[in-house]
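Dear colleague,

Please find below the structure I said I would pass on to you, together with its sequence. Have a look at it first, and then read on for my notes on what was found in it.

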Amino acid sequence: MKYIVLLGDGMSDQPVGALEGKTPLQAAKTPNMDFMAKRGTLGLAHTVPEGYAPGSDVANLSMFGYNPVDCYTGRSPLEAASMGVSLGPDDVAFRLNLVHLEARGGKLIMEDYSAGHISSADGRELVEDLQRQLGNEEFSFHPGVSYRHLMVWHGGRTQIKMTPPHDISGQSVTEHMPSGEGADKLIYLMNASQMIFHNHPQYKRRAAAGEVPANSIWLWGHGKAPAMGTFDARFGLTGAVISAVDLIKGIGVYAGLDIINVPGATGYLDTNFDGKAQAAIDALKTHDFVFVHVEAPDEASHSGKLADKIKAIELFDEKVVGAVLQGVKQFGDYRILCAPDHPTPIALMTHSSDPVPFVIYAGEEKEKAGVAGYDEIAAAATGLKVEPGYRLMEMLLNR
């Protein structure tokens with residue numbers, strides 16, 4: 001038996017007026033997900049436990065079959081694991097976004113949480129400069145991918161309130177600066193980065209090229225290293241993870257799964273969809289389980305780009321779901337779970353805690369009566385709801 005998770009990050013949404021009251025999932029052409037929904041098990045899953053923020057960290061731990069209540073310590077420790085950064089018992093990891101802030105109306109606005117989806121090369125250049133100028137025995141800076149980087153506070157504090165930058169797009173940052181024990185040190189680093197970036201050659205270079213320059217860092221998502229059992233110990237299966245995102249790969253590292261890096265996997269609309277699908281089929285030749293993560297719908301949602309979100313969903317359906325549906329037949333028995341991790345409504349441009357539609361398909365050919373396709377409304381109509389959401393993995397594995 002082969003097991004596959006196909007995750008379209010942030011696909012789920014709310015009815016949109018511009019789509020005549022349809023959700024993007026309803027409006028998008030998704031023949032492959034519809035095929036599975038009409039024949040498999042369709043329902044809703046609550047992937048974010050009560051009292052937890054609806055982050056991709058919490059939601060994806062649930063999708064991997066781990067109860068966030070038992071093991072969640074923060075987003076950045078998971079990303080650190082993917083980046084090969086070891087955390088000591090007193091180390092606190094922070095996500096470091098490269099952002100673009102804009103002075104407007106007497107306020108400093110979060111204009112772009114990704115600094116124009118800055119390239120990894122440009123991002124590395126800036127973060128390495130931060131390490132040269134601000135790095136010391138207390139703080140270290142580590143380059144990652146695009147705008148997503150890492151800072152480690154050695155001997156740091158954890159009782160700090162912080163806000164994800166994509167939650168405050170277009171808003172004043174003043175009300176969302178770090179607060180709590182040791183927050184003054186973090187604010188100092190954020191302010192110091194603005195001076196460094198403003199005088200950096202890259203700032204003028206990107207501005208002259210019509211690109212959005214990074215002019216500040218934004219720190220958030222902090223935490224210490226979690227304690228997690230391996231996927232093999234939990235479920236008795238070997239497995240692999242395919243994603244462009246350090247968070248997802250970091251969960252895989254802690255779960256003891258193999259990490260497969262696909263050339264051209266970017267996390268955006270231009271990602272290598274075909275390569276991810278082929279890598280999944282290849283992985284199943286030597287593994288029992290594969291987790292395929294596609295970030296593009298979520299990124300489009302955070303940017304408020306409805307057409308891009310629909311396009312990302314359609315590409316996911318065609319190039320990932322469709323290709324895996326065909327390729328997995330060579331293995332005989334298989335079970336596929338397809339779902340988002342959380343909703344990312346276009347109207348909000350950030351995550352919500354609403355339950356997400358899922359389908360589990362095991363090769364059935366006969367259509368079930370009354371199922372229109374794969375979307376939030378059709379899933380709710382089945383009356384099936386998995387709560388807590390981490391039990392979806394048990395359902396996939398038929399445990």
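In this predicted model, the largest pocket has a volume of about 490 Å³. Its lining is made up of 27 residues, and those closest to the centre of the pocket are A53, D57, Y72, P164 and G221. If you would like to trace the lining along the chain, look at α3 (56-63), β7 (160-161) and β9 (216-223), which are the elements that give two or more residues to it; β9 supplies the largest share, namely four residues. Sorted by class, the lining of this largest pocket holds nine nonpolar, 13 polar and five charged residues.

The second largest pocket encloses about 350 Å³ of space, and of the 19 residues that line this pocket, Y113, H117, E299, S303 and K305 are the closest to its centre. At least two lining residues come from each of β4 (107-112), α12 (296-302) and α13 (306-327), and among the contributors to this second lining α12 gives the most, with four residues. Here the classes divide into seven nonpolar, seven polar and five charged residues.

As for the chain as a whole, an unreviewed UniProt entry places the feature "domain: Metalloenzyme" at residues 1-367. Over that stretch, residues 1-367, the chain is 34% helix and 23% strand, while the C-alpha atoms at the two ends are 23 Å apart.

With best wishes

Note on methods:
Residues are numbered from 1 along each chain as its sequence is written. This is a predicted model: local features need pLDDT of at least 70, side-chain atom pairs count only at pLDDT 80 or more; totals for chains, interfaces and linings use all residues. Side-chain values use heavy atoms; hydrogens and water are left out. UniProt positions are given in the numbering used here, feature names are shortened, and annotations may be inferred rather than shown by experiment. On a 1 Å grid over the protein atoms alone, a cavity is a set of points where a 1.4 Å probe fits but cannot get out, and a pocket is an open set with protein on both sides within 12 Å along at least five of seven lines; lining residues have an atom within 4 Å of a point. Grid points are joined across faces, edges and corners, and a volume is the space filled by probe spheres set on the points. Ala, Val, Leu, Ile, Met, Phe, Trp, Tyr, Cys and Pro count as nonpolar, Asp, Glu, Lys and Arg as charged, and the others, Gly among them, as polar.
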